[in-house]
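Visitor: I would like a close look at one part of this protein. Please take me through the residues there and then through what surrounds them.

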Amino acid sequence: MSTVHLIDHPLVQHKLTLMRRKEASTNSFRRMLGELSTLMAYELTRDFPLQDIEIETPMEKMTGKVIDGKKLALVSILRAGNGFLDGMLNVVPGARIGHIGLFRDPETLKPVEYYYKMPENMGERDVIVVDPMLATGNSAAAAVQQLKDKSQPKTIKFMCLLAAPEGIKTMQAAHPDVDIYTAAIDRELDSHGYILPGLGDAGDRIFGTK
């Protein structure tokens with residue numbers, strides 16, 4: 001079974017609380033999401049492998065260690081996942097970007113795919129799939145399955161702001177090999193599949209739509 005990593009750093013929790021407030025503006029929500037995703041990226045890259053390179057300091061030559069960002073792909077589940085990208089690229093600017101377009105059928109709550117675009121050489125890459133909300137888990141599980149079927153990356157991690165117990169259960173059942181990283185595990189879903197207490201529709205709050 002995959003592991004759920006709760007990122008409970010005080011700065012992460014502080015910014016998440018401010019983002020949850022219904023009076024938070026689109027501008028402040030978007031800005032705090034960028035800051036929070038940068039902080040979360042540090043945790044997700046904690047166990048990334050390092051490689052040695054030769055460099056020259058102002059004093060002498062030495063061997064240093066670097067992460068090969070070109071072997072990392074950030075995969076956004078459209079559209080809300082895009083809110084994570086800029087903040088994460090602050091940490092790993094060499095990462096490549098992929099997109100999976102899914103929308104949730106309002107009747108069945110099942111995901112429907114409409115877009116799939118990935119970088120080259122995905123079989124050599126470690127992937128972080130990003131989507132702010134792990135609600136029912138159906139879209140996230142479908143996106144990961146598409147990645148496995150079409151691109152077969154080396155490893156996959158999933159990152160979200162909020163997770164519901166129902167979404168965690170769905171993801172772990174479908175993909176026991178994919179660890180989940182989240183800033184909070186909320187109480188439950190409502191009858192429409194929204195997380196409670198949650199923060200509303202993340203996509204609408206990022207882009208100022210309804």
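Visitor: In which loop is the place of Asp201?

Guide: This is a predicted model, so read every position below as part of a prediction. Asp201 sits in the loop between β12 (195-196) and α6 (202-207).

Start with the records. UniProt, in an unreviewed entry, gives a "binding site" annotation that covers Ile195, Gly200, Asp201 and Ala202. The lining of the largest pocket includes Ile195, Gly200, Asp201 and Ala202.

Asp201 also appears in another "binding site" listing from UniProt, again an unreviewed entry. That listing names Arg79, Arg104, Asp131, Pro132, Met133, Leu134, Ala135, Thr136, Gly137, Asn138, Ser139 and Asp201. From this set, the largest pocket's lining takes in Arg79, Arg104, Asp131, Met133, Leu134, Ala135, Thr136, Gly137, Asn138, Ser139 and Asp201. Leu134 belongs to a strand, β8 (residues 133-134).

Now the backbone of the Asp201 loop. Pro197 lies in the loop between β12 and α6. The bond that joins Leu196 and Pro197 is a cis peptide, with omega about 0 degrees.

Arg79 brings up another cis bond. The peptide bond from Leu78 to Arg79 is cis, and its omega is near 0 degrees. Arg79 itself lies in the loop between β4 (72-78) and α3 (82-89).

One more backbone detail concerns Asn121. This residue is not a glycine, yet its phi is positive, about 55 degrees. Look for Asn121 in the loop between β6 (111-117) and β7 (126-130).

Finally, turn to a helix pair. Two packed helices are described by the angle between their axes and the distance between the axes. Helix α1 (residues 10-20) and helix α2 (residues 26-44) have axes that come within 10 Å and cross at roughly 160 degrees. Angles over 145 degrees count as roughly antiparallel, so α1 is roughly antiparallel to α2. The crossing of α1 and α2 is left-handed.

Which residues make this contact? On the α1 side they are Leu11, Val12, Lys15, Leu16, Leu18 and Met19. They meet Phe29, Met32, Leu33, Glu35, Leu36 and Leu39 in α2. By class, the contact of α1 with α2 has ten nonpolar residues, two charged and no polar ones.

To return to your question: Asp201 is in the β12 to α6 loop, is named in both UniProt listings, and is part of the lining of the largest pocket.

Methods. Residues are numbered from 1 along each chain as its sequence is written. This is a predicted model: local features need pLDDT of at least 70, side-chain atom pairs count only at pLDDT 80 or more; totals for chains, interfaces and linings use all residues. Side-chain values use heavy atoms; hydrogens and water are left out. Axes are lines fitted to C-alpha atoms, for helices over the stretch in contact, and angles run from 0 to 180 degrees between N-to-C directions. Helices (H or I, at least four residues) and strands (E, at least two) are DSSP runs, numbered from the N terminus. Angles under 35 degrees count as roughly parallel, over 145 as roughly antiparallel, 65 to 115 as roughly perpendicular and the rest as oblique. A crossing is left-handed if the near helix is turned anticlockwise from the far one by less than a right angle, and right-handed if clockwise. Contact means heavy atoms within 4.5 Å. Ala, Val, Leu, Ile, Met, Phe, Trp, Tyr, Cys and Pro count as nonpolar, Asp, Glu, Lys and Arg as charged, and the others, Gly among them, as polar. UniProt positions are given in the numbering used here, feature names are shortened, and annotations may be inferred rather than shown by experiment. On a 1 Å grid over the protein atoms alone, a cavity is a set of points where a 1.4 Å probe fits but cannot get out, and a pocket is an open set with protein on both sides within 12 Å along at least five of seven lines; lining residues have an atom within 4 Å of a point.
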